[in-house]
Amino acid sequence: MVVSCQEKDPVVELKGELKSVSYNPDSKSFILTYNNGETESVSAMVDNTTNPPTASATLQDGTVIYTGDATIGGAATIVKDINIVSQFVYDGMSLYYLWADEVKNKRPTVADVNPESYFYKILNNIDKQHHWSWITDDIESLLAEFEGESRDAFGFQPFPLYLDESYTTVIGFIRYVFPGSPAEKAGLKRGDVIIKINGQTITVNNYTMMYGANSATTFTVLDQTFSNQREVTVIPAKLSADPVLYSNIYEIEGKKIGYLFYTNFTENYNSSLYRVFSEFKAADVTDLVLDLRYNPGGGISAASYLASLIAPEENVRNRDVLTIMSYNSYVNSIYDQYKWERKEFLGNYNSSKYPDPLGANLNLDKVYIIATSSSASASELVTFCLKPFMQVEHIGEKTSGKYTASWTIHPFDDFNKRAQPIYVASRLSSSEKEKLKNWGMQPIVGRYTDKNNNDFIATNGLVPDHLIQSQEYNTTTWKPIGDIHDYLFAKAISLITGLPYETRSTRSVNQPQFKPAELYPTSESIRRQAVIIDNPALLPSGN
């Protein structure tokens, strides 16, 4: 992984002031030039854990020389002060990170020139194992995606898989397509299989182009039976993706079944939830099926709003506790000092933007929730935290096991109370703000439980009441979203009506055995890893 500095490297002494440094990728060394004209070579330490790999060396006087891309030659950077972004990482993580006590003795040094590498270096071991916490140098794009706004988007949700056990070639099953999106206009649909992008085999190096690109992109596509190859060109666009993808009411065996397919928890679309539940209520639905099979999670505000539409009316009216958050000792003490709640309540919503959920509450005593291994964080919170109030019939698979919560942290901007700032903006210089402004962190700051302080850490996911063998690796059996013969929806209908549960076989004998790739864009990964506390009680900024 690393090429270390050699002891035989010349010691930098009496050569005057270091004037410039260049990097040679062939020899993995830096060429130092001093103001008296002398030069020397110093071996570099190459870090291949980053993309691209970086190279650095620490001189005898503590000066660090660094290049951000060890694959190309050219001028390198001379560093004598601690990187301001790495300092921000430390200042934020040592205060708000769930495992802040572990961070306090990991202060950055001059050698921590790469803030991203430093961030991941100081994480708790469990966090590293699960890839829960994130850092970004494009905070505005991240926050926009949290609100359902995507730039350069195609408008379909791929399911990346490795083609075989070589774990090199990637393909993408299209799980769903947003109505009116560039993908729908181009003719892509659920069950289509993407096998190439712009004529190139898909790998870990280019799979992100399935999630969006800044120019027209041509996909080589098979239909859901792995035949009829075609080329489909999609022109990306700015997209507002309503997570209320599909809803319908079915009258079967004297039952009125309301069905909702919900793709992620985004507060900006709470009005869409209200509209659907108003339709359900007006139709006097007797049973509710909430399909979260592909829902990676999202914000606590949307989760609370959806739960308030589902939970019994009395509990919502009484503002009963839905979930309890616990933070590190410092954050808990601040909450106690200001008498802030660490609880999220049913019926708690932004009344200036959304209707009262009581107006569309169905007042049922049972809900059928479809959840799979792709259901995570806020999906798990709703499924788990509704159980003290009503009967929850979980259909599908064991869920992802994300019982943590995260905040967005920015150096100095609260982005209209969506992020926790670390510094007081007026105390920063213009130069400091410029260096810091694009950076943000999404670290784990807490854990959640239900109203009775119960959690599902021991089972590392929610175990279904009705285990159904997955058909997600076999598009030949897929049905349109909301089709009553879909293998998971059909089970819910059977439980509601008493009709026999019948579905097609789970595997075609000729189908390759694909392997899970778990390749996601940053915004989806963050949703999957933790419930996003998108309405944080902002703690006082520091310096």
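Buried means under 20% relative accessible area. Keep that cut-off handy while you work through this predicted model.

**Exercise 1. Work out how covered helix α11 is, and find what covers it.**

Step 1: Locate the helix. α11 runs over residues 378-385.

Step 2: Go along it and pick out the buried residues. You should get A378, S379, E380, L381, V382, T383, F384 and C385. That's 8 of its 8 residues, so α11 counts as mostly covered.

Step 3: Look at the surroundings. The buried residues of α11 pack against α8, β22, β24 (366-371), β25 (391-396), β30 (444-449) and β33 (531-532).

**Exercise 2. Decide whether T323 is buried or exposed, and list what T323 touches.**

Step 1: Find T323 in strand β22, which covers residues 321-326.

Step 2: Check the accessibility. T323 has 0% relative accessibility, so T323 is buried.

Step 3: Skip residues up to four places away in sequence and see what's left. T323 touches I300, R342, K343, E344, L381, C385, Y448, T449 and D450. Two of those names, L381 and C385, should ring a bell from α11.

Step 4: Take one partner and compare sequence with space. K343 is 20 residues from T323 along the chain, yet their C-alpha atoms are separated by 5.8 Å.

**Exercise 3. Test whether the length of helix α7 agrees or disagrees with what you'd expect, then see how α7 is packed.**

Step 1: α7 takes in residues 270-282, which makes 13 residues.

Step 2: Use 1.5 Å a residue, times one less than the number of residues. The expected span is 18 Å, and the end C-alpha atoms are 18 Å apart, so the two agree.

Step 3: Mark the buried residues: N270, S272, L273, Y274, V276, F277 and F280. Their cover includes β19 (244-252), β20 (255-262), β21 (287-291) and α8.

Step 4: Look just past the helix. D284 follows α7 and has a positive phi, near 60 degrees.

**Exercise 4. Describe the largest nonpolar core and say which helix gives the most to it.**

Step 1: A general idea helps here: in soluble globular proteins, nonpolar side chains tend to be buried together.

Step 2: The largest core has 85 residues, and F88, L260, Y262, F277 and W407 touch the most other members. Helix α8 (residues 300-310) gives the most, with 8 residues.

Step 3: Zoom in on Y262. Apart from neighbours within four places in sequence, Y262 is in contact with P243, V244, L273, L290, D291, L292, N295, A302 and L306.

Step 4: Don't stop at one core. Another lies apart from the largest, with 32 residues, including F173, Y176, L239 and L245.

**Exercise 5. Classify the ring pair of Y176 and F178.**

Step 1: You need two values, the distance of the centres and the angle of the planes.

Step 2: For Y176 and F178, the centres are 5.4 Å apart and the planes sit at 90 degrees. Planes over 60 degrees apart count as edge-to-face, so that's the label for this pair.

Step 3: Add the setting. Both Y176 and F178 are buried. They also fall within residues 173-209, where UniProt, in an unreviewed entry, places the feature "domain: PDZ". Over that stretch the chain is 14% helix and 32% strand.

Step 4: Widen the view. The aromatic pairs number 37, and ring pairs join Y96, Y327, Y330, Y335, Y338, W340 and W407 into a cluster.

Note on methods
Residues are numbered from 1 along each chain as its sequence is written. This is a predicted model: local features need pLDDT of at least 70, side-chain atom pairs count only at pLDDT 80 or more; totals for chains, interfaces and linings use all residues. Side-chain values use heavy atoms; hydrogens and water are left out. A nonpolar core is a set of buried Ala, Val, Leu, Ile, Met, Phe, Trp, Tyr and Cys residues joined through side-chain atoms within 4.5 Å. Buried means under 20% relative accessible area, exposed over 50%, partly exposed in between (1.4 Å probe, protein chains only). Helices (H or I, at least four residues) and strands (E, at least two) are DSSP runs, numbered from the N terminus. Contact means heavy atoms within 4.5 Å. UniProt positions are given in the numbering used here, feature names are shortened, and annotations may be inferred rather than shown by experiment. Rings of Phe, Tyr and Trp (its six-membered ring) pair if their centres lie within 6.5 Å; planes under 30 degrees apart count as stacked, over 60 as edge-to-face and the rest as tilted.
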